[in-house]
Amino acid sequence: EHTANFEYTANPARIVFGAGTLSRLPAEVRALGGTRALLLGTSARSTDRAADVLGPLLVARFDRAAMHTPVEVTEAALELLRANGIDCLVAVGGGSAIGLAKALALRTDLPQVVLPTTYAGSEVTAVLGQTEQGRKSTLASPGVLPETVVYDVELTLGLPVALSVTSGVNAMAHAVEALYAPQANPVTERLAVESITLLARALPRIVADPADVEARADALQGAWLAGTCLGSVGMGLHHKLCHTLGGSFGLPHAETHTVVLPHAMAYNASAAPAAMCLVARALGVTDAPRGLYDLIVRLGGPISLRELGLGRGDLSRVVELATAAPYPNPRPVTAEGLAALLTDAWNGCAPT
Ligand code: NAD
């Protein structure tokens with residue numbers, strides 16, 4: 001599935017990783033020339049500690065970041081930014097807070113320091129998804145890539161168990177699809193395998209004890225490596241389906257990834273045997289899709305689109321939307337194949 005020839009371009013981001021690294025935030029802001037920071041998040045509570053640490057560098061706060069980066073929200077933050085002479089963006093949170101920082105960077109060219117608190121991986125990609133009047137569109141631009149990522153394991157200790165599980169599987173999805181991407185290369189292959197290995201071992205420990213710092217560190221490192229895969233190679237059927245289910249049916253991001261991944265893997269298994277072999281080994285199982293499904297069940301994660309609120313009658317529309325434009329995938333995507341996959345995912349049965 002991958003040949004000796006390859007191309008790989010690394011994203012130019014600075015990574016600071018550890019426990020308690022939040023204390024490094026002021027120095028990282030100053031290193032980018034920042035003197036007047038705007039702090040972004042999804043709630044005041046989630047950014048209070050960063051606000052304290054920033055001290056006099058903090059000039060304004062905006063706590064209304066939302067899922068899928070609505071353009072109206074970005075415009076409100078932009079107004080605040082301009083009124084306060086901001087010269088650096090700081091985001092604390094998951095993909096939603098980081099998405100807002102990227103949207104503001106796109107419009108202002110300001111540098112970003114981001115502190116991820118989930119495993120979504122957006123912090124290391126040059127991709128931005130935005131919604132306007134309910135329509136989600138995605139763009140790729142080097143200007144949206146955050147200059148500095150500060151991973152502080154302590155910021156993830158409070159990530160609720162359910163979201164830790166689904167966000168962890170969201171990260172695995174980047175790694176899995178990177179293994180069969182057309183641009184797959186020895187760098188992303190190693191990152192992907194290590195990422196799946198770290199996450200598969202960390203998630204059961206986090207479910208047993210959400211404050212297990214070592215397990216949290218493994219999961220966050222796995223998320224970083226998976227995000228790096230996402231930022232380096234193209235994704236396939238799984239991401240396309242989740243984009244459709246989130247963007248057009250309002251399904252929650254991480255939960256949807258968790259339900260769909262074992263089924264998307266089963267769909268692609270026959271066309272990507274080497275990738276599935278690597279995933280199975282990283283998971284410590286013999287059958288990758290079934291092994292992942294069983295892991296999700298053991299971790300108490302969601303297994304059906306029905307429980308996420310999708311109507312049975314919506315499935316044909318999902319098939320229509322997800323087959324509208326062709327995209328690279330190891331196994332050709334047909335309407336019948338997709339309908340069968342979605343029926344399994346909707347019912348929550350084991351992948352077939
Ligand atoms: P999110 O950022 O929306 O966070 C989900 C919820 O968890 C929020 O209510 C948030 O406040 C809360 N939360 C986050 N961290 C927490 C913590 N440590 N403790 C307690 N609560 C916490 O969810 P997400 O899954 O991280 O991100 C999803 C969004 O990111 C979607 O809009 C998706 O499209 C986007 N995304 C983009 C990329 C990209 O490369 N552009 C990659 C992944 C995700």
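Between which domains does the ligand lie, and why? Domain 1 (14-156) and domain 2 (161-347) both give residues to the shell around the ligand, so the ligand lies between them. The model described here is predicted, and the values that follow should be read with that in mind.

## Two domains and the ligand between them

The chain is divided into domain 1 (14-156) and domain 2 (161-347), and their C-alpha centres lie 26 Å apart. To the contact between them, domain 1 brings 18 residues and domain 2 brings 20 residues. On the side of domain 1 that touches domain 2, nine residues are nonpolar, seven are polar and two are charged.

The shell around the ligand holds 29 residues, of which Gly94, Gly95, Thr117, Thr118 and Ser122 come nearest. In character, this shell divides into ten nonpolar and 19 polar residues, with no charged residue in it. Helix 4 (95-108), strand 6 (127-132), helix 5 (161-179) and helix 9 (253-269) each supply at least two residues of the shell, and helix 4 gives the most, with four residues.

## Helix 4 and the nonpolar core

Ile98 lies in helix 4, and it is buried because 31 other C-beta atoms lie within 10 Å, where 20 or more are required. Not counting residues up to four places away in sequence, Ile98 touches Ala91, Gly93, Val114, Pro116, Ser122 and Glu123; among these, Ser122 is also one of the residues that come nearest to the ligand. The C-alpha atoms of Ile98 and Leu40 are separated by 8.1 Å, although the two residues are 58 residues apart along the chain.

Leu40 in turn belongs to the largest nonpolar core, which has 113 residues and in which Leu40, Val90 and Ala91 have the most contacts. This core draws at least three residues from each of domain 1 (14-156) and domain 2 (161-347). With its neighbours within four places in sequence left aside, Leu40 is in contact with Phe62, Ala65, Ala77, Leu89, Val90, Ala91, Ala97, Leu100 and Ala101.

## Strand 8 and its partners

Is strand 8 (residues 148-152) mostly covered or mostly uncovered? The strand is mostly covered, since five of its five residues are buried. In a regular strand the side chains alternate between the two faces of the sheet. In strand 8, Thr148, Val150 and Asp152 point one way while Val149 and Tyr151 point the other way, and all of them are buried.

Strand 8 has parallel pairings with strand 1 (residues 14-18), through five bridges, and with strand 5 (residues 112-116), through two bridges. An antiparallel pairing over six bridges joins strand 6 and strand 7 (residues 135-140). The table gives these pairings, each with one of its bridge partners.

| Strands | Sense | Bridges | Partners |
|---|---|---|---|
| Strand 1 and strand 8 | parallel | five | Ile15 and Val149 |
| Strand 5 and strand 8 | parallel | two | Val113 and Thr148 |
| Strand 6 and strand 7 | antiparallel | six | Thr131 and Lys136 |

## The loop before helix 3 and the hairpin

His68 is placed in the loop between strand 3 (58-62) and helix 3 (71-83), and Thr69 lies in that loop as well. Which of the two is buried, and which is partly exposed? His68 counts as partly exposed because it has 17 C-beta neighbours inside 10 Å, whereas Thr69 counts as buried because it has 25.

Most residues other than glycine have a negative phi. In this loop, however, phi of His68 is near 70 degrees, a positive value, and Thr69 has a positive phi of about 45 degrees although it is not a glycine. A further positive phi, near 50 degrees, is taken by Gln133 in the hairpin of strand 6 and strand 7, which has two residues between the strands.

The loop and the hairpin are linked through His68, which, leaving aside neighbours within four places in sequence, is in contact with Gly129, Thr131, Lys136 and Gly247; of these, Thr131 stands opposite Lys136 in strand 7. His68 and His253 are 185 residues apart in sequence, yet their C-alpha atoms are 9.1 Å apart in space.

How values were computed. Residues are numbered from 1 along each chain as its sequence is written. This is a predicted model: local features need pLDDT of at least 70, side-chain atom pairs count only at pLDDT 80 or more; totals for chains, interfaces and linings use all residues. A residue is buried if 20 or more other C-beta atoms lie within 10 Å of its own, exposed if 12 or fewer, and partly exposed in between; C-beta atoms are placed from the backbone. Two strands pair if DSSP finds at least two bridges between them. A residue is near a molecule or strand if its C-beta atom, placed from the backbone, lies within 6 Å of it. Ala, Val, Leu, Ile, Met, Phe, Trp, Tyr, Cys and Pro count as nonpolar, Asp, Glu, Lys and Arg as charged, and the others, Gly among them, as polar. Domain bounds come from an automatic or database domain assignment. A nonpolar core is a set of buried Ala, Val, Leu, Ile, Met, Phe, Trp, Tyr and Cys residues joined through C-beta atoms within 7 Å. Two residues are in contact if their C-beta atoms, placed from the backbone, lie within 7 Å.
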